[in-house]
Amino acid sequence: MAQEKKSVAHKQGFLQGAAILTIGTLASRVVGALFKIPLTRLITTQGAGHFNVAYNIYTVLLNVSSTGLPIAVSRMVSEAATLGRRRQVQKIRRISLWLFVLIGLLCGGAMLIFAPQLATWMRDPDAWYAIAVLAPAVLFVCISSSFRGYFQGQQYMTPTAVTQVLEAFCKLFLGLGAILLALRAGWNYAQATGAAIVGVTIGAALGSGYLALQYRKKRLRLTPEDAASPVLSTWETTRRLLTLAIPITIGATGLQVFNALGSKVILGRLQDALGYPLSEASSLYGVFSMAQTLYLLPSALVQPLAISIIPAVTSALALSKLEDARRLEESSFRIAGLIALPCGLGMSVLSVPIQRALYGYDPQTLETAGPVLALLGIAAVLYCFILVTNAILQAHGKATTLIYTTLAGGIANLAVSYLLVGSSRFHIHGAAIGTVVYCVVTLALNLLAIRRYLSKAPRLLPQVMKSLLAACVMGAAAFLTDYLLHSLVLAIGAAVLTYLACVYCLKILTWYDCQLLPKGDTIARLLRVRSQDSPNSL
């Protein structure tokens, strides 16, 4: 048999891959914000409430169908590729695709068939249009997730980043175009919200097609030497995939289930306990939902880092390099703090001017929206750390632990939301407080689990002390600038400059962090960071 040419994915360094994913995710979230801001202005906060109810249900089924398996695929591919078992890499990819298609058909079909019942159960019957239009996207995202897990397991993050941007632009242009046509045709807000979702579904379809083409170009080509490499049976490969995927899926889906239940609790308590009509309850929930859009922006920057941790740490563990794994974990937590703390505290300090500028809220709405985003800014920081600790536990095979930590945090969230949203003193602010409680409980339990179960546990909290100090100084600068000059642009500018100065003076990035980046030596020289200054120096 003629030897075939090897064609492998271009393996990228840990932080290089994370940087590529971050660019893709950030671009995706920025474009997503550009979509949601005019969306809210076109269909009001009431329509935004319908949109987010549908998205919460979609996210639950999406997590069932595409969360655990990509991480499991990434871990198994990383381990097999590190050990040179190329035939096993191909088998994992092939089996995972069939599993994803099956699960996507089941979950997407259920979402389409039961759209009216799901909307009614969520206490927002008008959301069923959006739910039905979103259903096919579940299948396409499942297909995409199979290829993403394959590429990410080889630490090749570019295809994932490209699809994120592609899907976001489809959502923006096709979604806004569809909603404008729907409103011009005289459709009501609920129907127009369904039209806005069209771009999401088409973007998911195009993204899956792009990844399939990339796989054909970049897939591993086996050579005669690979014929002797060990390969597991189909049954054993499937069993290992599911063994890894099921706990991760339950943990990740648990959070989305609690988010969906939270929507039901919030809308139900606003209507039943406080007596608001559906339209007013949907508007209040829309204010909370739009604040959540901003709350999720910092996690968009940290999620790629968390995704990159899993194959990198898995590869180090496969080679029994425990010290390298610990260094990667500490570096990832430090960089997460460097990103999350200024973003979250900045949102809290500037919550009112940010929402005034983005959403055009009137003074009365801002009285409600300001405290919501201020609370969610704190939660955003904690949630970023949850993502990193989740990834560390998953890389060490402790995904089952995440089921319990998520369950505890979710129950605490629902209990607090139920009690406080039904109080006229707190109303929708109770939902934001519940989110903070969820993050505090989940993160605390994750940190305890890392300390208990990992034989060479990373020292995580000391890694963020300098970033916390820098973020507090930055927050003070932003608050004073906004208070004195009443300019959001100047406040943000003052915050950025202050934070960068603090990062430079406090030497928050270590020499080891710089070495993980492209042109690391150059970056270290610019920041005047030396190997002997770093506790994690090689």
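**Notebook: aromatic rings and cysteines**

I looked up Phe-173 and found it exposed, with a relative accessible area of 56%. I note that the model is a predicted one.

I then checked the neighbourhood of that ring in helix H6. Phe-173 pairs with Phe-169 in a stacked arrangement, with 5.9 Å from centre to centre and 10 degrees between the planes. Both residues lie in helix H6 (residues 158-184), 4 residues apart, which is about one turn of the helix. Phe-169 has 36% relative accessibility and counts as partly exposed.

I searched the whole structure for aromatic pairs and got 9. One of them joins Tyr-150 and Tyr-215; because the planes stand at 80 degrees, with the ring centres 5.3 Å apart, I entered the pair as edge-to-face. Tyr-150 belongs to helix H5 (residues 128-153) and Tyr-215 to helix H8 (residues 198-218), so this pair ties together parts 65 residues apart in sequence. Both tyrosines, Tyr-150 and Tyr-215, are buried. I also found them in one aromatic cluster with Phe-147 and Phe-151.

Next I looked for charges over rings. Lys-264 lies over the face of Trp-121, 5.0 Å from the ring centre. Arg-269 lies over the face of Tyr-418, at 3.9 Å from the ring centre.

Last, I turned to the cysteines. My search of the whole structure gave 0 disulfides. For Cys-107, the nearest cysteine sulfur is that of Cys-142, 6.5 Å away. Cys-107 is buried, at 9% relative accessibility. Why does Cys-439 form no bond with Cys-384? The sulfur of Cys-384 is the closest cysteine sulfur to that of Cys-439, but at 9.2 Å it is too far for a bond. Cys-439 is buried as well, with a relative accessible area of 0%.

Terms used:
Residues are numbered from 1 along each chain as its sequence is written. This is a predicted model: local features need pLDDT of at least 70, side-chain atom pairs count only at pLDDT 80 or more; totals for chains, interfaces and linings use all residues. Side-chain values use heavy atoms; hydrogens and water are left out. A disulfide is a pair of cysteine sulfur atoms within 2.5 Å. Buried means under 20% relative accessible area, exposed over 50%, partly exposed in between (1.4 Å probe, protein chains only). Rings of Phe, Tyr and Trp (its six-membered ring) pair if their centres lie within 6.5 Å; planes under 30 degrees apart count as stacked, over 60 as edge-to-face and the rest as tilted. Helices (H or I, at least four residues) and strands (E, at least two) are DSSP runs, numbered from the N terminus. A charge sits over a ring if NZ of Lys or CZ of Arg is within 6 Å of the ring centre and within 35 degrees of the ring normal.
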